[in-house]
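Me: I am new to this structure and should be grateful for a guided reading of it. Please take me through its strands, helices and charged pairs in turn.

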Amino acid sequence: MMRRVVRSFDEWRAAARGLLADGVPPECAEWVASDDDGDLFSAASAANEEVLARPAAVVALRLPRELMEMLTSAACFSATDRWAFLYKVLWRWQLGEREVMSAADPDGARLYAMVKAVRREEHDMHAYIRFRERKEEDGAPRFVAWFEPTHEVLPQVAVHFARRMGSATWMIATPSAAVLWDGEQLHDAPALMRSAADIDDAGEALWLTYYRSIFNPARLNAELLRSHIPSRFWKNLPEGAIVPAMVSAAANGERRTGQTGAVGRRGGAATIAVTPERAQPQRDQPDTLDQCRRCELWRNATQAVPGVGPRKARIMLVGEQPGDQEDLQGLPFVGPAGAVLERALAEAGVKRDQVYLTNAVKHFKWELRGKRRLHKTPAQREVAACHAWLEEELASVRPEVVVVLGATALKSVLQDGSATMASVMDAPFQHEGRWVVAVYHPSFVLRARDEESRQQAYEVIVAGLRQALTLAPARSG
């Protein structure tokens, strides 16, 4: 078995030349893939055919330009066996099997699919990259963008933006690499950012204000919106943080309210017997948490309970919902569960005034038992209705680490009603550019059946808080 380690298209070409020269069939070649940086396109042929030559005594293998371009594009496709597959295509071509370039051939069909996916990713990257402007006094690069490509298309996309943006300096960062443009030349770099949250943009607030002003709830087509812009791109678009709230508001009355303005003002012979005011009464929209009517929990709650803490806290703790004392005082984690959490924070070395505390659901859901209001778990529809407020907090605070306290918080943060604590409690994991640490809710400690179970649950919380502290690097400034 011939083993080859390749990190780029150039390295694959060189290795393929040697294997072809030695007559090594695909099944006898082992290709080890690597995600290290590499310029996949620097040596792509501009001629009509590419020559893969062995020593002078051997007849060279000539590839048509179309096949060479397809191999070059397919090399960007994220698949563990891509190098082995490309060598198989090359080998078959050498044997005279020209059908390998046909979409009717199984290998040809896969090659075409890989090329199509890579070119689609290039198109999406052109369309959905958003550059944020940095302060002039911060120096170069002046503009910074974050993108999470499915395939390795950063180098050629960088060439596109180098042509588009002239002498303005910029950087495009991805989870595995970055490219910088100094106004004259492109420079490859390792990963320099972890998410779009690492970018500060003073002008973004102005853009969001403008975006809100042009949003027409009466003309909203949520399904069309989602089909035009795949959901994986929304999280890194500036407007992505506010669209869910606006869509939710439209579904809760703004669409009908917006439509009533034209009722009774129609031209033509038709007569509208109803005035605009009677057609649809004006509703108070949930511009603030206190006004929220997205679900029915507000009816039996004393007040909404917002999150508290530094607006740029490195760690955010997300619980389930306010309890009885929280509902009365308007502050999160001030009841018995809050006392457990405060003790765990102290033991983990985390200062309470340096973390942001909030809940997935902002109103207290309860049922009466005698004279006591007892906690009742929120339904998934109530968690979903309240998620827009949590999204606003995440976008505003931009924590490095989110500690989810219990299953309800986990489902809300992940936007996955089927998520379970058992599947994620073993180790922290990345979600939307930030770390997520899952631990028990402090109330679980209070409900545990015996002292041993209580201590075990408490230790899980302390250990998770210590992990969060380790994962959250200190912010400068």
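**Strands, helices and charged pairs**

Reply: In this predicted model, strand β10 (residues 315-319) runs parallel to β11, and five bridges join the two.

Me: Which residue of β11 is the bridge partner of Ile315?

Reply: Strands of a sheet pair through backbone hydrogen bonds, either parallel or antiparallel. Here β10 and β11 are parallel. Within this pairing, the partner of Ile315 in β11 is Val355.

Me: Which strands are at the edges of the open sheet that has the order β11-β10-β14-β16-β15?

Reply: The sheet is built of five strands with mixed pairing. From one strand to the next the twist averages 30°. An edge strand pairs on one side only, and this holds for β11 and β15 (429-431).

Me: What angle does the direction of helix α16 make with that of β16?

Reply: Helix α16 (residues 451-471) packs on the sheet. The strands it touches are β10, β14 (401-405) and β16 (434-439). Its direction and that of β16 make an angle of about 170°.

Me: What is the handedness of the β-α-β unit made by β1, helix α1 and β2?

Reply: Strand β1 (residues 2-5) and strand β2 (residues 29-32) run parallel, joined by four bridges. One of the paired positions is Val5, whose partner in β2 is Val32. With helix α1 (residues 9-21), the two strands make a β-α-β unit that is right-handed.

Me: Do β5 and strand β6 pair in the parallel or the antiparallel sense?

Reply: Both strands belong to an open sheet of five, in the order β5-β6-β7-β8-β9, with mixed pairing. Its edge strands are β5 (132-133) and β9 (186-190). Arg132 has Val144 as its bridge partner in β6. Two bridges link β5 to β6 (residues 143-146), and the sense is antiparallel.

Me: At roughly what angle do the axes of helix α2 and helix α4 cross?

Reply: Two packed helices are described by the angle between their axes and the distance between the axes. Residues of α2 including Met70 and Ala74 meet residues of α4, among them Leu111 and Val115. The crossing of α2 and α4 is left-handed. The axes of α2 (residues 65-74) and α4 (residues 106-128) come within 8 Å, and they cross at roughly 60°.

Me: How many salt bridges does the count come to?

Reply: Side chains of opposite charge can pair when their charged atoms come close. One of these pairs is Glu11 with Arg7, at 2.9 Å from N to O. Another is Glu296 with Arg299, at 2.3 Å. The count comes to 21 salt bridges.

Me: Is Arg299 buried or exposed?

Reply: Its salt-bridge partner, Glu296, has a relative accessibility of 48% and counts as partly exposed. For Arg299 the relative accessible area is 53%, and a residue over 50% counts as exposed. Arg299 is therefore exposed.

Me: How many residues apart in sequence are the parts that Glu382 and Lys365 tie together?

Reply: Glu382 and Lys365 form a salt bridge, with their closest N and O atoms 3.0 Å apart. Glu382 lies in helix α13 (residues 380-397), whereas Lys365 lies in the loop between β11 (355-359) and β12 (366-369), so the parts tied together are separated in sequence by 17 residues.

Me: Are Glu382 and Lys365 buried or exposed?

Reply: A residue counts as buried under 20% relative accessible area. Of the pair Glu382 and Lys365, both are buried.

Notes
Residues numbered from 1 in each chain as written. Predicted model: local features only at pLDDT ≥ 70, side-chain atom pairs only at ≥ 80, totals over all residues. Heavy atoms only, no water. Salt bridge = Lys/Arg side-chain N within 4 Å of Asp/Glu carboxyl O. Buried < 20%, exposed > 50% of the residue type's maximum accessible area, 1.4 Å probe, protein only. Pairing = 2+ DSSP bridges. Axes fitted to C-alpha atoms, helices over the stretch in contact; angles between N-to-C directions. Contact = heavy atoms within 4.5 Å. Right-handed = clockwise from strand over helix to strand, strands pointing away. Left-handed = near helix turned anticlockwise from the far one by under 90°.
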